[in-house]
Amino acid sequence: MVNLSWENQSSVVEFVLRGFSSTRQLNIFLFMMFLLFYILTVSGNILIVLLVLFNHHLHTPMYFFLGNLSFLEIWYTSNIVPKMLLIIIAKQKTISVAGCLTQFYFFGSLAATECLLLAVMSYDRYLAICQPLRYPMLMTGHLCIGLAASSWLCCFLLTAITMALLSRLTFCGPNEIDHFFCDFTPLVHLSCMDTSLTETISYATSSAVTLIPFFLITASYSCILAAILRIPSGTGRQKAFSTCSSHLTMVTVFYGTLIATYLVPSANSSRLWHKGSSLLYTILTPMFNPIIYSLRNRDIHEALKKCFSQKPGFLR
């Protein structure tokens with residue numbers, strides 16, 4: 001968005017996040033509900049991280065990547081929800097430009113890292129099911145660490161490019177963001193400079209870190225499905241599918257919410273719809289991930305039983 005008179009305007013030093021509602025009764029309800037979701041999300045993911053760290057039965061590649069994902073979800077939701085709760089209950093709707101850009105940087109970096117981690121987890125399941133005899137030799141500890149570290153580093157560096165371009169923009173007003181956090185699109189629309197380069201590069205990098213992992217996940221599960229269908233016994237097929245059903249559910253939920261939020265044509269999507277769909281991947285998806293992995297996972301069940309049946313110092 002370009003405004004030719006931007007040089008005569010004063011720069012904005014803070015933004016106003018409008019949040020959800022101005023009705024106090026509704027705000028109290030939303031605050032209690034989101035606070036509960038936040039507590040469940042953080043406690044559930046911390047429990048997964050602790051189980052993976054201290055229970056030696058979970059020292060496998062699949063749970064190593066799950067621990068990374070749960071660690072990510074803790075920071076992912078903590079980057080957004082505490083400020084959102086302040087907006088709702090304390091009406092502290094302002095956020096500095098630097099604070100807004102920082103929130104977007106961590107949001108974008110962590111969301112992109114989740115895409116790559118989900119792709120890495122699908123590759124792990126592909127090797128476990130399609131190459132079972134060679135799996136221990138292929139998915140070594142060094143490879144696991146390298147894949148996880150590369151996912152984190154790559155996404156934080158890529159998002160830094162968009163962050164650098166955003167930090168060079170001038171914001172002259174209005175300064176209201178009709179959202180509950182600093183997302184890219186409402187942020188660039190407040191700039192009074194030409195944002196075409198920033199939007200193009202951001203679109204290219206975000207497409208790379210979402211679509212490429214999605215295609216890798218699709219390819220992995222195509223091979224997995226073909227391998228499962230070749231198993232002669234129904235029990236064998238069920239056992240093989242059960243090892244990847246939780247991950248497949250997580251991928252479906254995560255990418256489904258991203259598609260609902262960002263691929264719905266803007267002309268047909270309301271601001272309320274955008275906020276609602278954003279809640280799915282910023283709050284609900286991080287909360288559901290530990291639940292999804294715990295419901296039908298025998299290893300997690302055994303680790304939890306051991307955790308709660310022994311005295312302190314149990315996680316050995």
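Start by selecting I46, L50, L53 and F54: together these residues make a nonpolar surface patch of about 350 Å². Keep in mind as you click around that this is a predicted model. Within the patch, zoom in on L50, which sits in helix 1, the stretch covering residues 24-54. Its relative accessibility is 34%, so L50 counts as partly exposed.

**Stop two: the salt bridges**

How many salt bridges does the structure hold? There are two. For one of them, select R18 and E176, whose side chains meet with an N to O distance of 3.8 Å. This pair links distant parts of the chain: R18 is in the loop between strand 1 (14-17) and helix 1, while E176 belongs to strand 3, 158 residues apart. Color by accessibility and check both ends. R18 comes out partly exposed at 40%, and E176 is partly exposed too, at 44%.

Now pick D124 and R125. They form a salt bridge as well, with the closest N and O atoms 2.9 Å apart. Are these two side chains buried or exposed? D124 has 1% relative accessibility, so it counts as buried, since the cut-off for that label is under 20%. R125, at 8%, also counts as buried.

**Stop three: the disulfides**

Next, show the cysteines as sticks. Searching the whole structure turns up two disulfides. Select C100 and C182 to see one of them, with an S to S distance of 2.0 Å. Set up a torsion about that S-S bond and you should get about -120°, so this disulfide is left-handed. Trace the backbone out from each end: C100 lies in helix 4 (residues 97-130), and C182 is in the loop between strand 3 (176-177) and helix 7 (184-188), so the bond ties together parts 82 residues apart in sequence. Try a surface view here. C100 is buried at 0% relative accessibility, and C182 is likewise buried, with a relative accessible area of 0%.

Move on to C172 and C192, a disulfide with its sulfur atoms 2.1 Å apart. The torsion about the S-S bond is 45° for this link, and its handedness is right-handed. This pair, too, links distant parts of the chain: C172 is in the loop between helix 6 (141-167) and strand 3, and C192 is in the loop between helix 7 and helix 8 (196-229), 20 residues apart. C172 has 11% relative accessibility and counts as buried; C192 is buried as well, with a relative accessible area of 4%.

What pattern do the disulfides follow? Count the bonded cysteines along the chain and you get 1-3, 2-4.

**Last stop: cysteines outside the disulfides**

Select C155, which is in no disulfide; the nearest cysteine sulfur belongs to C154 and is 5.1 Å away. At 1% relative accessibility, C155 counts as buried. Then jump to C223, also in no disulfide, where the nearest cysteine sulfur is that of C130, 5.7 Å away. How accessible is C223? Its relative accessibility is 36%, so C223 counts as partly exposed, whereas C155 is buried.

Key: Residues are numbered from 1 along each chain as its sequence is written. This is a predicted model: local features need pLDDT of at least 70, side-chain atom pairs count only at pLDDT 80 or more; totals for chains, interfaces and linings use all residues. Side-chain values use heavy atoms; hydrogens and water are left out. A disulfide is a pair of cysteine sulfur atoms within 2.5 Å. Helices (H or I, at least four residues) and strands (E, at least two) are DSSP runs, numbered from the N terminus. Buried means under 20% relative accessible area, exposed over 50%, partly exposed in between (1.4 Å probe, protein chains only). Patches are made of residues with over 30% relative accessible area and no salt bridge: like charges are joined within 9 Å, nonpolar side chains (Val, Leu, Ile, Met, Phe, Trp, Tyr) within 5 Å. Accessible areas come from the Shrake-Rupley method with a 1.4 Å probe; for residues, only the protein chains shown count as cover. A salt bridge is a side-chain nitrogen of Lys or Arg within 4 Å of a carboxyl oxygen of Asp or Glu.
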